Protein chains: 2
Amino acid sequence: MTGRAFRLRRRPDGVPADEDFELVEEPVPDVGDGEALVRTLLLSVDPANRIWISDMRGYRPPVPLGEVMDGTGIGEVVESRRDDLRAGDLVLGRLGWRELCLLGSDDSATVLPDPLPAPLSAYLGVLGHTGLTAYVGLEIGGPQPGETVVVSAAAGAVGSVVGPLAKARGARAVGIAGGPEKCRRLVEELGFDACVDRHAEDWRDRLDAATPDGVDVDFENVGGEIMDHVLLRLNRGARVVLCGMISQYDQAGAGHAWHGQRAVHQILMQRATMRGFIVSDHADLFPAGREELGRLLAEGRLRSDETIVDGFEQLPAALRRLFTGDHVGKLLVRVAEPTGRAA
Amino acid sequence: MTGRAFRLRRRPDGVPADEDFELVEEPVPDVGDGEALVRTLLLSVDPANRIWISDMRGYRPPVPLGEVMDGTGIGEVVESRRDDLRAGDLVLGRLGWRELCLLGSDDSATVLPDPLPAPLSAYLGVLGHTGLTAYVGLEIGGPQPGETVVVSAAAGAVGSVVGPLAKARGARAVGIAGGPEKCRRLVEELGFDACVDRHAEDWRDRLDAATPDGVDVDFENVGGEIMDHVLLRLNRGARVVLCGMISQYDQAGAGHAWHGQRAVHQILMQRATMRGFIVSDHADLFPAGREELGRLLAEGRLRSDETIVDGFEQLPAALRRLFTGDHVGKLLVRVAEPTGRAA
């Protein structure tokens, strides 16, 4: 049996290119004792993927050149010689960019409930690490009723969950997103109080107008100029939750004209706190997070917005879309349809 | 009676120039009920002075154009119609850049002990807001025994206190300062474990070598490229205590080629926390701080390093020295000698 995989050919310079990855078709080893073979169904495409292939000092060692690209996904167990998995199970794990993944005995794989109470894709999105990232970040930022939360990349997977969660805490939710249509959706369909189109020439003025009482919590996903302007509007004692800096990842190498952050002095002036977090450090918060996210989803106060790209071979192009902003909500690549139990 | 004063003529563009201030000789009003007249003896010259004359969004409103420049100093009460002050008292307060200061009934003025257990200048330095800034910042950074504390502008007023305080907490203290002579002093005379000369071409390599176990606490006074390299060496869970960003204050206007902070992403990657503070917010910590600082000073583990510039008219030039690094320890301008009781 063979399966396709993407190996990392070189480290991207700026936005990832197709040529940074090599599509290979490789034999899949036999399933040994304590192993399980999983057919990949969905792969999550996240800003973190870009971090993993950079030689910037990241939060874990980068994917080595020549290795299969790492990625979180959902798959269906084809054959199992692991006690905790059986054929037909739907599992969530670090499957990598491969059609068929041989899980070793130590590889973590979470079996999804059967029957599924929500669409499969939600387990990579609003009910998965994406939704939990929004939840954990807001736990860190701690918005109080009446405070203003600004979230950048608000139409993205995490941002579109941050708004409704902040509203559920009684805060004012202001998004920053690219384009009038995204902004309209966030306000009209997801309940944001306001959304600023960062493509508008006067986006700074619009952000000022949308935050008349300043900013108490900056849920930061973007970095760069957008973050700088939010920093200039911080209130005293504000909290900057550093979840991502997608505008900066492709500039961390040498040789780029680079804006950098120019308003960090406001952290000082406003006696603010900036805290970085990686969601996987906060597993203790997951049960409460899943409960709140599930409840808000069931009540229709949260939506499982997603953009699904079909075809394994589309993975590099899908990753690129994170940088062009050409998607809404959670970005996923569908590799295959489930063949076993219903999904 | 007349006295000289410096009024703010215009907001500095970059490093403050003499022409940004106007030296005037002005009549001093009669002392009214509830007022006191104070002759300025010493004025403290601090990076914060630069913030106060910038139209950058600071931590308090800037000194208005045309007004007397603000400043903290020590003076001698010449005449008092305030119940809490009497002629001859030495007082600490916001006297401003003036030779004679009329204190109103609401102006805070702390009477210094009589007799003085330490040199007068120490009450603006190691036993005053400078030493307390080092103390409060380390309380916020919370270095643990064996951890590495890096402090920039280590030969400056605050930095030279941070090192010994960090050592007293069992941490490794690494300074960054300008020039081999400053570095030598910090290591040999103030007990820093290491000091990196930021003028050396290979200062980055030297900082790496001086922090073999990474950086747990960055006591940041400088910002810019120096801060960026420290950020690149943060350990997981590190704390960045944002005390000052002197390299950035003169660039906050438009039109400067500006580096900005390019390694803020490490706050995310290392799950670090950056917190800004203004010492005056933390008066609750002052009693314990004064006690520790006084004890370490008496034990000879702390030094009251200072550079005293003579002459009221030297104030603008003295302020400029903060940016050229052409001083050691606390920078003060001596305006007059005490005439009343001994000091």
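Let's start right at the meeting point of the two chains, with Met274(A): its bridge partner in β13(B) is Met274(B). So you can picture one methionine facing its own counterpart across the boundary, and please keep in mind that we are looking at a predicted model. The strands around that pair are β13 of chain A, residues 273-276, and β13(B); they run antiparallel and are joined by three bridges.

Now let's widen the view to the whole contact between the chains. How many residues of chain B are in contact with chain A? There are 30, and they meet 30 residues of chain A. On the chain B side, α8 (265-269) and β13 (273-276) each supply at least two residues. The largest share comes from α8(B), with five residues. If you sort that side of chain B by class, you get 14 nonpolar, 11 polar and five charged residues.

What turn lays chain B on chain A? A turn of 180 degrees, with a shift of 0.0 Å along the axis, and the RMSD is then 0.0 Å. That is the relation of a two-fold axis. The same surface serves both copies, too: 100% of the contact residues of chain B recur in chain A.

Next, let's stay within chain A. Its division is into domain 1, made of 2-124 + 304-334, and domain 2, which covers 129-298. Notice that domain 1 is written as two stretches, with domain 2 numbered between them. The C-alpha centres of the two domains of chain A lie 27 Å apart. Where they meet, 21 residues of domain 1 of chain A are in contact with 15 residues of domain 2 of chain A. On the domain 1 side, α1 (47-52), α10 (315-324) and β15 (330-334) of chain A each supply at least two residues. Here α1(A) gives the largest share, three residues. By class, that side of domain 1 has 11 nonpolar, six polar and four charged residues.

Let me take you to one helix now, α3 of chain A, residues 159-168. Is this helix mostly covered or mostly open? Mostly covered: nine of its 10 residues are buried. Among the buried ones are Gly159(A), Val162(A), Pro164(A) and even a lysine, Lys167(A). And what covers them? The surroundings include the helices α2 (129-141), α4 (180-188) and α9 (286-298) of chain A, along with the strands β8 (148-152), β9 (172-177) and β11 (215-220) of chain A. Just after α3(A), Gly170(A) takes a positive phi of about 85 degrees.

Val162(A) deserves a second look. The largest nonpolar core has 207 residues, and Val162(A) is one of those that touch the most other members, as are Ile74(A) and Val162(B). Leaving out residues up to four places away in sequence, Val162(A) touches Ala134(A), Gly137(A), Leu138(A), Val151(A) and Phe219(A). As a general point, nonpolar side chains in soluble globular proteins tend to be buried together.

Last stop: Gly3(A), which lies in strand β1 of chain A, residues 2-8. Why is Gly3(A) counted as partly exposed? Because it has 19 other C-beta atoms within 10 Å, and a residue needs 20 or more to be called buried. Beyond its close sequence neighbours, up to four places away, Gly3(A) touches Glu26(A), Val28(A), Arg98(A), Glu99(A) and Leu100(A). As for Leu319(A), it is 316 residues from Gly3(A) in sequence and 21 Å away in space, C-alpha to C-alpha.

Note on methods:
Residues are numbered from 1 along each chain as its sequence is written. Chains are lettered from A and ligands numbered from 1 in the order in which they are written. This is a predicted model: local features need pLDDT of at least 70, side-chain atom pairs count only at pLDDT 80 or more; totals for chains, interfaces and linings use all residues. Two residues are in contact if their C-beta atoms, placed from the backbone, lie within 7 Å. Helices (H or I, at least four residues) and strands (E, at least two) are DSSP runs, numbered from the N terminus. Ala, Val, Leu, Ile, Met, Phe, Trp, Tyr, Cys and Pro count as nonpolar, Asp, Glu, Lys and Arg as charged, and the others, Gly among them, as polar. Two strands pair if DSSP finds at least two bridges between them. Copies are superposed by least squares on the C-alpha atoms of residues with pLDDT of at least 70 in both. Domain bounds come from an automatic or database domain assignment. A residue is buried if 20 or more other C-beta atoms lie within 10 Å of its own, exposed if 12 or fewer, and partly exposed in between; C-beta atoms are placed from the backbone. A nonpolar core is a set of buried Ala, Val, Leu, Ile, Met, Phe, Trp, Tyr and Cys residues joined through C-beta atoms within 7 Å.
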